[in-house]
Amino acid sequence: MTKFKYVGRPVPRVDAMEKVTGSAVFTDDIELPGMLHTKLLRSPHPHARIVETRTDRAEAVEGVVSVVTGRDFPFKLGIYVGDRDVLATEKALWVGQPVAAVVAETEAIAEKAVQLIEVEYENLEAVFDARKAMEEDAPIIHERLGEYRTLPIFSPRPGTNIASVFTLKKGDIEKGFAEADLIVENEFSLPQVSHAYMETMCFIARHGADGNVEIWSSSQPPFIVRYLTSMSLDIPLSKIVVHAPYVGGGFGGKAGLNFEPLTVLLSKASGNRPVKLRLTREEHFTVAAIRPGLHATVKTGVKKDGRIVAEKIVYVFDAGANADYAVNVGRAAGYDAIGPYDIPNVEAESFTVYTNKLYATAFRGFGHMELHWAIERQRDIIAKKLGMDPIEFRAKNVLKPGISETGTGARLREDAANLEECLRRVGDALEWGKKPAKPKEPWKVRGKGLAVLMKGPAIPPNTASSAVVRFNEDASIELMVGTSEMGQGTLTSLTQMVAERLRVPMEKIRVASLRGTASTMYTWQTVGSRGLFMDGRAVLEANKDAESQIKQIASQVLHVSEEDLELAEEKVRVREEPWRSLTLAEVVMGYMYPGGNSIGGPVVGRGSYIATGLSVLDPDTGQGNPAVFETFGCQGAEVEVNVLTGQVEILKAFSAFDIGRAINPLLVEGQVYGGTVMASSIALFEQLIYQEGVLLNPHFLDYKIARMSDAPEDMVSISVENPQEDGPYGARGIGELTMIGMAAALGNAVSNALNIEIKDLPMTPENVWKAVTRQNPKLLERAKRYLKGE
């Protein structure tokens, strides 16, 4: 049982009532006086020069306020590499790229008028495969790559389609392979996928005649939106306010900068009236960023006893037409290339490459689901070749607290997460040494698989958070943090931390649902599973500050030292004489003596936290410390596969994570269940399908995602709690982790069931059936005979 009153308890979410009653406010719910609407004209070509754009017919439509093209807005956007047009200016780089916009009194008028814009294109050679895009004779997508604003940690290669490359080197790779008794090399791949969140993107902007700008955005990071809009459009930061209502799912797709600058410029071009851009689902599939695809080549050297002595990896991420977050995804996958393993000799290159497809951005896991698919399938393949149990093989090589070094040379702290315990717990839950039960139908087979994983926040070394705890007259509390709420539940956990320290009931603590740069405290971004840890640390400091102020006032009234006081039951009291006390309501607005003399004043606790102990990674070797914490875990599954059709059914799914401390076990379980289903969906169904650059499945009719009937019959969340000393109440982040290893676990389970090796996602029935046909045709023939009754 937890020793705390609020922390560690499965309390309901603070935003639950708003959401289940439909009263929660999202960006599309907001209506402003005089608001206009905009629609986008999208390119029908994957790579084409824009010769001429004729807008006169669109401008003539009644109700149209303005029509603009890329040449009207010659600004470059991009969080790390400034390579993206507001609207396509000289070239269209993918099918669906916005090339013009119509602003009108209604959305319907804008939709009608945008179809009247005529654009003359000159088609150019396109490239759709990231590896082909790296070839010397590939058509160049960004001829001016060397001229773009670029953050120094990234390394674009002008004259090529390489947006950036990250290199990791540790030990002596050639010596390592020379010492190996067995060398195994394989290739693995994953396609681009959609974030598929419920709420499509929506933006509202008002550019006032006085130069002040207000933005309402379905965005994860309002402060980054403000900063990047200021930098991109050359508007003073002080003149921009960004509001971020509830976000209907983000998964990284609503991080960074999206269409906020466009709506700002459209408002300015439309008489300073507010402008709303609301994407339909079909529009969203073709203009909003997606997850990058990956091709991985993994070469591993091992000793006969199972020790990994060398690993060489090449990751090629398909960034699509713009670098956006994809270059940082490639970087993060590069420095964590080998996953949670202690390998003395490592060499990895992680390329992020332009292609003429929809551009890619952050996605839940930030490249780690992709890299773990490759290395965890590789681990199972190696174990089979060695004749070693996969759990034993992993246990021999995984990182160990206080002893091991990561691929970047960072030694694990003594209170680091215990991966071996996670591995053991999932193995026990799966009954690993016991064969799966036989299916009822003889043409079906069953298999078990698991995968270990790790991830820390991919953040700059100076990433910071802040918080304010402000008391009201009745001793209720306003908690002010910049954390965006998009379904993850962090605001509830932060509220629990306030209640725990200040001994105020949770129902008396309010945290505003509308985030904003002018109404909440600064936090870098709500990304990378950093919110609970970093914003939590800031909240703890704010709690401490508020408590200190309360005790300072009460010590004068009660004539005791501050050290002799404690907070309990909405009071401040003498620890050894609890009957001597004051209610918080008597203190938090300042205390007034009977004669009218007053001391103190309104209690406002302030707290901040900045990441400590991090380093800028060496540009040549990638060595250094990139993470403020690392969460480790293990995920496993048992599956049943129809050999005749290739259909995979997930029977059981288990997840164990060392999260330090579960601030709210109910939220942890929710994250695990959601992450499991999301990862299962990506593993079994999801892929963006292109034909000559044209997206063939831009809607949920053809873009398949998991339904409730596809969810595992039995899902179990296992929390391992080895607290991290500097974490808030010992906690580490968990949000992204819950989906990182499940795809690889399923791949291992399916491969074990069919006695084949699956190396590419998704494992659709067609793809699985083809793999069985190629690799184990005897199994398929036997299943056919069973069906015939032979």
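What volume does the largest cavity have? In this predicted model, the largest cavity has a volume of about 90 Å³. A search of the whole structure turns up 5 cavities of 30 Å³ or more. Around the largest cavity stand 13 lining residues, and those nearest its centre are Arg84, Asp85, Val86, Pro98 and Phe259. Sorted by class, this lining comprises 9 nonpolar, 2 polar and 2 charged residues.

The second largest cavity holds about 50 Å³ of space. Its lining can be followed by eye in the structure: Trp94, Val95, Phe285, Thr286, Lys357, Leu358, Tyr690, Gly693 and Leu695 take part. Of these residues, 6 are nonpolar, 2 are polar and 1 is charged.

Pockets, which are open, come next. The second largest pocket has a volume of about 760 Å³ and a lining of 31 residues. Nearest the centre of this pocket lie Ser189, Leu190, Pro191, Asp760 and Leu761. Several helices and strands contribute to the lining, with at least two residues each from α4 (130-133), β10 (182-190), β15 (293-302), β16 (308-320) and α18 (765-775). Among the contributors, α18 gives the most, namely 6 residues. The lining of the second largest pocket is mixed in character, with 15 nonpolar, 7 polar and 9 charged residues.

On a broader scale, the domain assignment divides the chain into three parts, each made of two segments of sequence. Domain 1 covers 16-23 + 463-610, domain 2 covers 31-124 + 201-278, and domain 3 covers 293-459 + 615-787. Taken over C-alpha atoms, the centres of domain 2 and domain 3 are 37 Å apart. Where these two domains meet, 17 residues of domain 2 and 20 residues of domain 3 take part in the contact.

The interior of the model can be described through its nonpolar cores. In soluble globular proteins, nonpolar side chains tend to be buried together. Here the largest nonpolar core has 219 residues, and Tyr315, Phe471 and Leu754 have the most contacts inside it. Helix α14 (residues 531-558) is the greatest contributor to this core, supplying 13 residues. Apart from the largest core lies another core of 19 residues, including Leu41, Ala48, Val64 and Ile117. A look at Phe471 shows what such a setting involves. Beyond residues up to four places away in sequence, Phe471 touches Ser476, Ile477, Leu502, Val504, Ala546, Ile550, Leu584, Val588, Met589 and Val603.

Two individual residues round out the picture. Which residues does Arg379 touch, not counting those up to four places away in sequence? They are Thr300, Ile308, Glu311, Ile338, Tyr341, Ile343, Phe393 and Arg394. Arg379 sits in helix α10 (residues 368-386) and is buried, with a relative accessible area of 0%.

Thr89, in turn, is found in the loop between β5 (84-85) and β6 (91-92). Is Thr89 buried or exposed? Its relative accessibility is 16%, so Thr89 counts as buried, the cut-off for that class being under 20%. Setting aside neighbours within four places in sequence, Thr89 is in contact with Ile50, Gly70 and Arg71.

Notes:
Residues are numbered from 1 along each chain as its sequence is written. This is a predicted model: local features need pLDDT of at least 70, side-chain atom pairs count only at pLDDT 80 or more; totals for chains, interfaces and linings use all residues. Side-chain values use heavy atoms; hydrogens and water are left out. On a 1 Å grid over the protein atoms alone, a cavity is a set of points where a 1.4 Å probe fits but cannot get out, and a pocket is an open set with protein on both sides within 12 Å along at least five of seven lines; lining residues have an atom within 4 Å of a point. Grid points are joined across faces, edges and corners, and a volume is the space filled by probe spheres set on the points. Helices (H or I, at least four residues) and strands (E, at least two) are DSSP runs, numbered from the N terminus. Ala, Val, Leu, Ile, Met, Phe, Trp, Tyr, Cys and Pro count as nonpolar, Asp, Glu, Lys and Arg as charged, and the others, Gly among them, as polar. Buried means under 20% relative accessible area, exposed over 50%, partly exposed in between (1.4 Å probe, protein chains only). Contact means heavy atoms within 4.5 Å. A nonpolar core is a set of buried Ala, Val, Leu, Ile, Met, Phe, Trp, Tyr and Cys residues joined through side-chain atoms within 4.5 Å. Domain bounds come from an automatic or database domain assignment.
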